[in-house]
Structures are given as C-alpha cells and as structure tokens.
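Please look over the sequence and the model shown here before reading on. The briefing is intended for a reader who has not met this structure before.

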Amino acid sequence: MKRGESLPREKGVMDKNRCMVCATPGAFEGGICDPCKAKIRGEAREQQQQIKKDADRSLRKEGTVVEKKSRG
Ligand SMILES: [Zn+2]
C-alpha cells in the first residue's frame, strides 16, 4: 500500500463560500449565486418544455401505431 499524501484532498470538499457553478466568492443559498440560479432555472424550464413537447409527440405517434400493436 502506498501513501497518497500528494493527492489534493481539498478537491472533494466543496467551498461553501463560493458559487459551485461559476466559483464567484460569496455565501450563496444552495451554494449557487443568483445569476447562475436564474440560468439553471431557465434551462430547467426549457428542458421541461422540451420534454413535454417530446412526450406530446411520442404520444401522438403511439396513437397512430396502437392499432398495429394490438395484434399479437
Ligand atoms: Zn455562479
């Protein structure tokens, strides 16, 4: 067994006084600064909309092949 003293241990420890997205120094709620929060929220919303669209599409698609599927 080798001693890995040279390994950077700090890497695994999150700095609570920094935004974990852009590393801006400061105490942020949830560890993320407001601009990044807004960005993430916006992206999440977009993603949800995309998922909704996809689901809608696949539903419609399935609706057209349901008759074929019912056999067998
Ligand atoms: Zn940030």
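The points below treat the chain as a whole and then several individual residues.

This is a predicted model. The protein chain contains one helix and zero strands. Of its 72 residues, 3% are buried.

**The segment before the helix**

- Helix H1 covers residues 34-69, and Gly 31 is found in the segment before this helix.
- Gly 30 also belongs to the segment before H1.
- Ala 23 is likewise placed in the segment before H1.

**Ala 23 and its backbone**

- The phi angle of Ala 23 is near 65°, which is a positive value in a residue other than glycine.
- Most residues other than glycine have a negative phi.
- Ala 23 is classed as exposed because it has 10 C-beta neighbours inside 10 Å, and the limit for that class is 12 or fewer.

**Gly 30 and Gly 31**

- Gly 30 has 10 C-beta neighbours inside 10 Å and therefore counts as exposed.
- Between Gly 30 and Met 20 there are 9.1 Å from C-alpha to C-alpha, with the two residues 10 residues apart in sequence.
- Gly 31 has 15 C-beta neighbours inside 10 Å, so this residue counts as partly exposed; a residue is exposed at 12 or fewer and buried at 20 or more, and partly exposed in between.
- Gly 31 and Cys 19 are 12 residues apart along the chain, and their C-alpha atoms are separated by 5.3 Å.

**Asp 34 in the helix**

- Asp 34 has its place in helix H1.
- Asp 34 counts as exposed because 12 C-beta neighbours lie inside 10 Å, and a count of 12 or fewer is what the exposed class requires.
- Cys 19 is 15 residues from Asp 34 in sequence, and the C-alpha to C-alpha distance between Asp 34 and Cys 19 is 9.1 Å.

**Cys 19 as a point of reference**

- Cys 19 appears in two of the pairs above: with Gly 31, at a C-alpha separation of 5.3 Å, and with Asp 34, at 9.1 Å.
- Of these two partners, Gly 31 lies in the segment before helix H1, whereas Asp 34 is in helix H1.

How values were computed. Residues numbered from 1 in each chain as written. Predicted model: local features only at pLDDT ≥ 70, side-chain atom pairs only at ≥ 80, totals over all residues. Helix = DSSP H or I, 4+ residues; strand = E, 2+ residues; numbered from the N terminus.
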